[in-house]
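Colleague: I've got a structure to look at and I'm not sure where to begin. Could you walk me through it?

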Amino acid sequence: AKKSPSQRVQFFASELGDQVLHRQELIHSLKAAIENRQLQLYFQPQCDRLRRNTGYEALLRWHHPTLGPVSPAEFIPLAEETGLIVKIGDWVLEQAVATLKGWSEKGFTGRMAVNVSALQLHDPGFADRIAVSLRDKGVSARQLELEITETALMQDIELAMATLNRFRELDLTLAVDDFGTGYSSLAYLKALPVSRIKIDRTFVTGLPDNEQDEALCRTIINMAHTMGCEVIAEGVETEAQASWLALAGCDELQGYLLGKPGLQGFQGTADADDS
Ligand code: C2E
Ligand code: CA
Ligand code: CA
Ligand code: CA
């Protein structure tokens, strides 16, 4: 039977209500997620052109007791809107540095990349808290890389500047994430302590057949190298993408082809990136 227009409106209204409720419920439980030990870091390998491991990206996972796993694509925006990301981000960094210490003891000399939100950069004490945590654990700042999206970086650059300058003093390096999806000022990029540029997955997907994606990837690689930055491509899923990127001069690769995010990460000298 067909629904009358008013029934349909009711249906939409209750669905909207459900969404609001869901949102409130998520925010409420996210507040307690750290204390309730529901957050975890997963690690995805990064490799050079010869597929040797160079490091890992830490990716946050939230296992909700009744909803199950909630995607960071869903809860990170909520954490940013509510400011909860500052506390969550501190937890992520603390875990990442502790993990780095453990791996270093097993012989790991690569780096760990950690995602950082704009709001964290606006906090003037942020860089120094990282430095203290690194010093406490005896981990070198060179082993930690902070990933910030192009959009977040350019959004409030004046507000972030103090933190970014402090990064440079402390030897903390920056990777510009999702590069190509935002609108960067090259002058700013040159002025910032950027060591790596990450080509967004949306441009990698079309390789090697989409000519626009090919041209974009080539341009990003050349521009990054001109500025003295290394380039890593994210979302590499096929051999064809990997070999195209290697041939185009892309320094590093990350994606399901090289390894999915997992709990394990570095496991000693043997190659153990499967998870
Ligand atoms: P991102 O930083 O661009 O991370 C890459 C995303 O692509 C991850 O999704 C990863 O699991 C996924 N991925 C990696 N390789 C492949 C591939 O070959 N194919 C496909 N289709 N996907 C791939 P994930 O883990 O769901 O994270 C989503 C986003 O959430 C991240 O995007 C990042 O922006 C944010 N995020 C994750 N952890 C944190 C965190 O600790 N702090 C902050 N502020 N944001 C985080
Ligand atoms: Ca990232
Ligand atoms: Ca991305
Ligand atoms: Ca082609």
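What follows is a chat about the pockets, the ligand and a couple of backbone details.

Modeller: Sure, and keep in mind that this is a predicted model. Ask away.

Colleague: How do people find empty space in a structure at all, and what is the volume of the largest pocket here?

Modeller: Rolling a probe the size of a water molecule over the atoms shows where empty space is left. For the largest pocket, the volume comes out at about 1200 Å³.

Colleague: Which residues that line the largest pocket are closest to its centre?

Modeller: The lining has 40 residues. By class, 18 of them are nonpolar, eleven are polar and eleven are charged. Several elements supply at least two residues each, including β4 (111-115), β5 (144-149) and α9 (201-204). Closest to the centre are E57, L59, P72, N115 and D177.

Colleague: OK, and where does ligand 1 sit?

Modeller: Let's look at its cover first. On its own, ligand 1 has 810 Å² of accessible area, and the protein covers 84% of that. As for the place, ligand 1 sits in the largest pocket.

Colleague: Which element gives the most to the shell around ligand 1?

Modeller: There are 21 residues around the ligand, and Q44, R61, S117, E237 and Y256 come nearest. Sorted by class, the shell holds nine nonpolar, five polar and seven charged residues. At least two residues each come from β2, α2, α3 and β6. The top giver, with four residues, is β2.

Colleague: How many Å separate a nitrogen atom of ligand 1 from an N or O atom in the side chain of E237?

Modeller: Start with the oxygen atoms of the ligand. One lies 2.8 Å from a polar side-chain atom of R61, and a polar backbone atom of Y256 is also found 2.8 Å from an oxygen atom of ligand 1. For the nitrogen atom and the side chain of E237, the distance is 2.5 Å.

Colleague: Back to empty space. Which residues line the second largest cavity?

Modeller: Searching the whole structure turns up two cavities of 30 Å³ or more. The second largest has a volume of about 40 Å³, and its lining has four nonpolar, no polar and two charged residues. Two elements, α1 (5-31) and α3, give two or more residues to this lining. The names you want are L30, K31, I34, L84, K87 and I88.

Colleague: Now the backbone. Which loop holds P208?

Modeller: Go to the peptide bond from L207 to P208, which is cis, with omega near 0°. P208 itself is in the loop between α9 and α10 (211-226).

Colleague: And what is the phi of R51?

Modeller: Look in the loop between β1 (39-48) and β2, where R51 has its place. R51 is not a glycine, yet its phi is positive. The value is about 65°.

Definitions and conventions. Residues are numbered from 1 along each chain as its sequence is written. Chains are lettered from A and ligands numbered from 1 in the order in which they are written. This is a predicted model: local features need pLDDT of at least 70, side-chain atom pairs count only at pLDDT 80 or more; totals for chains, interfaces and linings use all residues. Side-chain values use heavy atoms; hydrogens and water are left out. On a 1 Å grid over the protein atoms alone, a cavity is a set of points where a 1.4 Å probe fits but cannot get out, and a pocket is an open set with protein on both sides within 12 Å along at least five of seven lines; lining residues have an atom within 4 Å of a point. Grid points are joined across faces, edges and corners, and a volume is the space filled by probe spheres set on the points. Ala, Val, Leu, Ile, Met, Phe, Trp, Tyr, Cys and Pro count as nonpolar, Asp, Glu, Lys and Arg as charged, and the others, Gly among them, as polar. A residue is near a molecule or strand if one of its heavy atoms lies within 4 Å of it. A polar contact is a pair of N or O atoms within 3.5 Å; within protein, one must be able to donate a hydrogen and the other to accept it, and residues adjacent in sequence count only if both atoms are side-chain atoms. Accessible areas come from the Shrake-Rupley method with a 1.4 Å probe; for residues, only the protein chains shown count as cover. A molecule sits in a cavity or pocket if more than half of its atoms lie within 2 Å of its grid points.
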